[in-house]
Amino acid sequence: QYIIKLENIHEVIRPKPEEIVALGSEAECLNIRGKIYPLIRLHKLFAVETKFTNPCEATAVLTHNEGKYAAILVDDVLGQLRAVVKDLDSRFSYLKTIAGTAVLANSKVGLVLDVPGILAECLGS
């Protein structure tokens, strides 16, 4: 399970087919009310399994940081929670897409996504 800080979330949507724009064979964007959001597939970024490959079945978290916008495609959003975030140990400083960890209500550890790092990694600095 992943956690995105509320300050980085603009909106959460379920994309409609007419909002998906293909740019070549790999790049995709969402056109939401005239604003273009590059689509980042979280399962591809982290090489993990996913329930949904069709964006219309998944959930898109519209994110932003310092004027950069993107839609991060996730399986589902479980809700909003308060969490104490623990920064990663310096041995993991090479991970530019994970900001830290937090213990969730189900006692599992969630990874806190570093939205600025993800945007830089996927969209360039």
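This report describes the fold, the cores and a few selected residues of a predicted model.

**Overall fold**

The protein chain contains two helices and ten strands. Read from the N terminus, the order of the elements is β-β-β-β-β-α-β-β-β-β-β-α. The C-alpha trace spans about 40 × 30 × 25 Å along its principal axes. The radius of gyration of the protein chain is 14 Å, which agrees with the value near 14 Å for a compact globule of 125 residues. Of contacts between residues at least 6 apart in sequence, 52% join residues at least 24 apart. Some chain-wide values are collected below.

| Property of the protein chain | Value |
|---|---|
| Buried residues | 33% of 125 residues |
| Exposed area | about 8,000 Å² |
| Share of exposed area from carbon and sulfur atoms | 51% |

**Nonpolar cores**

The largest nonpolar core has 13 residues, and Ile40, Leu42, Ile72 and Leu113 have the most contacts inside it. Two or more residues of this core come from each of α1 (42-46), β7 (68-74) and α2 (115-123). Another core, of ten residues, lies apart from it and includes Ile13, Leu30, Ala71 and Leu73.

Which residues does Leu113 touch, beyond those up to four places away in sequence? Its partners are Tyr2, Ile3 and Ile4, then Leu42 and Phe46, then Thr97, Ile98 and Ala99, and finally Ile118. Leu42, itself among the residues with the most contacts inside the largest core, is thus also a direct partner of Leu113.

**Helix α2**

Val115, Gly117, Ile118 and Leu119 are the buried residues named in α2. An α-helix has 3.6 residues a turn, so residues three or four places apart point the same way. In α2, Val115 and Leu119 are both buried, as is Ile118. The cover over the buried residues of this helix includes the strands β5 (35-41), β6 (59-65), β7 and β10 (109-113), together with helix α1. After α2 comes Gly124, with a positive phi near 85 degrees.

**His43 in helix α1**

His43 belongs to helix α1. Is His43 buried or exposed? His43 has a relative accessible area of 14% and is therefore buried, the limit for that class being under 20%. With neighbours within four places in sequence left aside, His43 is in contact with Val48, Glu49, Thr50 and Phe52. The C-alpha atoms of His43 and Thr63 are separated by 16 Å, the two residues being 20 apart along the chain.

**Tyr2 and a surface patch**

Tyr2 sits in strand β1 (residues 2-3). Its relative accessibility is 35%, so Tyr2 counts as partly exposed. Tyr2, Val48 and Leu111 make a nonpolar surface patch of about 220 Å². Two members of the patch also appear in contacts described above: Tyr2 is touched by Leu113, and Val48 is in contact with His43.

How values were computed:
Residues are numbered from 1 along each chain as its sequence is written. This is a predicted model: local features need pLDDT of at least 70, side-chain atom pairs count only at pLDDT 80 or more; totals for chains, interfaces and linings use all residues. Side-chain values use heavy atoms; hydrogens and water are left out. A nonpolar core is a set of buried Ala, Val, Leu, Ile, Met, Phe, Trp, Tyr and Cys residues joined through side-chain atoms within 4.5 Å. Buried means under 20% relative accessible area, exposed over 50%, partly exposed in between (1.4 Å probe, protein chains only). Helices (H or I, at least four residues) and strands (E, at least two) are DSSP runs, numbered from the N terminus. Contact means heavy atoms within 4.5 Å. Patches are made of residues with over 30% relative accessible area and no salt bridge: like charges are joined within 9 Å, nonpolar side chains (Val, Leu, Ile, Met, Phe, Trp, Tyr) within 5 Å. Accessible areas come from the Shrake-Rupley method with a 1.4 Å probe; for residues, only the protein chains shown count as cover. A salt bridge is a side-chain nitrogen of Lys or Arg within 4 Å of a carboxyl oxygen of Asp or Glu. The radius of gyration is taken over C-alpha atoms; the globule rule is 2.2 Å times the number of residues to the power 0.38.
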